[in-house]
Amino acid sequence: MAASNSIPASPWTKCHEYRESRRAEENASLLKMQEEQRRKAAILEEKQKQQEEDRKRQTEADHRRVNSAFLDRLEASGSGVRVSEPVTQTLESSNVWLEEDDEPQDTALSTSRNPSQVHTDSAEEDDGDYTWTVMKLQNRFPDFKRDMLEDIVIQCNGNYKKAFELLNV
């Protein structure tokens with residue numbers, strides 16, 4: 001038995017030991033890369049959460065700004081005071097493709113409907129007018145969410161011109 005310990009290892013055992021050491025190294029490398037991928041995924045997830053929170057804060061700030069402007073105008077119209085509007089560059093004001101007759105129109109003063117044309121299902125028509133007004137506002141203000149535009153149209157009693165003026169601050 002003492003003689004067998006001094007015998008050099010066979011090529012098969014050397015190959016087997018080499019394969020085992022390579023497999024152990026590859027497993028260690030794989031574990032290291034998996035841990036690095038987990039860490040990167042966690043960082044990316046945190047970054048996405050932060051971006052979503054930033055977007056949410058920005059949307060809330062936009063809502064507050066529009067609501068504040070609406071309330072200011074509402075208070076001013078109630079007291080008879082004219083509120084000066086700040087001039088800002090918007091996509092609509094800088095759009096060279098807008099046609100001249102593409103101005104907002106007051107749906108309440110529109111001559112397209114006169115009292116003889118009003119049907120008994122005016123609730124459905126009003127809902128349609130609100131929907132149409134919301135769709136026109138969505139075309140003009142694509143960055144605003146539909147539910148926010150619907151709220152503004154409801155606050156303006158379906159008046160497109162008032163809603164347009166509120167949003168075009």
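**A tour of the predicted model**

Start by selecting residues 106–125: pLDDT (the predictor's confidence in each residue, from 0 to 100) stays under 50 here, and the model has 12 contacts (heavy atoms within 4.5 Å) beyond four places in sequence for this stretch. Now pick residues 86–103, where pLDDT also stays under 50 and there are 14 such contacts. Where pLDDT is low, don't read the predicted coordinates in detail.

A quick note before moving on: this is a predicted model, where local features need pLDDT of at least 70, side-chain atom pairs count only at pLDDT 80 or more, and totals for chains, interfaces and linings use all residues. Residues are numbered from 1 along each chain as its sequence is written, and side-chain values use heavy atoms, with hydrogens and water left out.

Next, select helix H2, residues 11–79. (Helices are DSSP runs of H or I with at least four residues, numbered from the N terminus.) Among the chain's elements, H2 has the highest mean pLDDT, 93.

Which residues of H2 are buried? Highlight Val66, Ala69, Phe70, Arg73 and Ala76; buried means under 20% relative accessible area with a 1.4 Å probe, protein chains only. Their cover includes H4 and helix H5 (160–167).

Now add H4, residues 146–155: its axis and that of H2 come within 12 Å and cross at roughly 5°. (Axes are lines fitted to C-alpha atoms over the stretch in contact, with angles from 0 to 180 degrees between N-to-C directions.) So H2 is roughly parallel to H4, a label for angles under 35 degrees. To see the contact, show His63, Val66, Asn67 and Phe70 of H2 with Met148, Ile152 and Gln155 of H4.

Key. Helices (H or I, at least four residues) and strands (E, at least two) are DSSP runs, numbered from the N terminus. Angles under 35 degrees count as roughly parallel, over 145 as roughly antiparallel, 65 to 115 as roughly perpendicular and the rest as oblique. Buried means under 20% relative accessible area, exposed over 50%, partly exposed in between (1.4 Å probe, protein chains only).
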